[in-house]
Amino acid sequence: MRHQAPAVISMAGEQKLQLATAESLTAGLIAATLAEVPGASAVLRGGIVSYSSDVKASVLGVDKNLLAEKGSVDPEVARQMAVGAQRACGADLAVSATGVAGPESHDGKSVGTVFIGWAFGSESGAREHHFVGDRAQIREQSTNAAINQLAAILGKASSQ
């Protein structure tokens with residue numbers, strides 16, 4: 001599925017909403033993909049690459065005990081990452097990605113397990129995905145899933 005970055009930038013602009021990202025396995029690909037779209041500078045506030053757990057905790061405010069107990073590949077970690085990016089960047093809507101790109105499993109999670117988190121206003125959540133492919137393909141699929149999550153939230157917001 002092709003990502004919806006142009007639609008995301010357009011809808012965020014129409015709704016006057018500011019966006020942010022928090023990225024682990026995608027390491028900035030989500031923000032970079034959004035920034036490829038003309039007009040992104042009007043809505044993309046920034047992104048935080050939190051590849052290590054200590055950055056997830058110190059910069060994004062992810063609970064250290066949660067990271068110690070569950071590891072970094074967890075839906076609540078993804079949710080807290082998105083909330084942290086929303087706060088740190090002063091954004092209305094944030095998305096996050098944490099998961100296992102491979103080639104080895106991580107924190108007891110199999111390769112291709114990815115959690116996409118989101119925070120919009122005071123609401124937040126996360127969705128679990130299972131992608132197949134090599135490291136690059138899993139990172140690309142994760143980026144597309146995150147951008148599609150933004151599009152779904154913006155689409156829902158525009159219809160209310």
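Let's start with Leu 19. Leaving aside its neighbours within four places in sequence, Leu 19 is in contact with nine residues that I'll take in order: Val 8, Ile 9 and Ala 12, then Val 43, Leu 44, Arg 45 and Gly 46, then Ala 91 and Leu 93. Keep in mind that this is a predicted model.

Leu 19 also belongs to the largest nonpolar core, which has 30 residues. It is one of the members that touch the most others, along with Val 8, Ile 9, Ile 30, Leu 34, Ile 116 and Leu 154. Which elements give two or more residues to this core? Helix 1, residues 5-14; helix 2, 29-35; strand 3, 93-99; strand 4, 113-120; and helix 6. Helix 6 provides the largest share, eight residues. Another core lies apart from this one. That one has 14 residues, and Leu 60, Val 62, Leu 67 and Cys 89 are among them.

Now helix 1. Its buried residues include Ala 5, Val 8, Ile 9, Met 11 and Ala 12. What covers them? Strand 1, residues 19-23, helix 2 and helix 6 are included in that cover. After helix 1 comes Lys 16, with a positive phi near 55°.

On to helix 6. It runs over residues 135-158, 24 in number. From first C-alpha to last it reaches 35 Å, close to the 34 Å expected at 1.5 Å a residue. Asp 134 caps the N-terminal end. There, a side-chain oxygen of Asp 134 sits 3.2 Å from the backbone nitrogen of Ala 136.

Stay in helix 6 for Thr 143. Buried or exposed? Thr 143 counts as buried, because its relative accessibility is 4%, and the cut-off is under 20%. So where does its polar side chain go? A polar atom of the Thr 143 side chain lies 3.0 Å from the backbone oxygen of Arg 139. Not counting residues up to four places away in sequence, Thr 143 touches Thr 26, Leu 29, Ile 30 and Thr 33.

One more threonine: Thr 113, in strand 4. Thr 113 is buried too, because its relative accessibility is 3%. Which backbone oxygen does its side chain reach? That of Ser 110, at 3.0 Å. Outside four places in sequence, Thr 113 is in contact with Val 73, Thr 98, Gly 99 and Val 100, and also with Glu 128, His 129 and His 130.

Conventions:
Residues numbered from 1 in each chain as written. Predicted model: local features only at pLDDT ≥ 70, side-chain atom pairs only at ≥ 80, totals over all residues. Heavy atoms only, no water. Helix = DSSP H or I, 4+ residues; strand = E, 2+ residues; numbered from the N terminus. Expected span 1.5 Å × (residues − 1). Polar contact = N/O pair within 3.5 Å; in protein donor to acceptor, adjacent residues only side chain to side chain. Core = buried A, V, L, I, M, F, W, Y, C linked by side-chain atoms within 4.5 Å. Buried < 20%, exposed > 50% of the residue type's maximum accessible area, 1.4 Å probe, protein only. Contact = heavy atoms within 4.5 Å.
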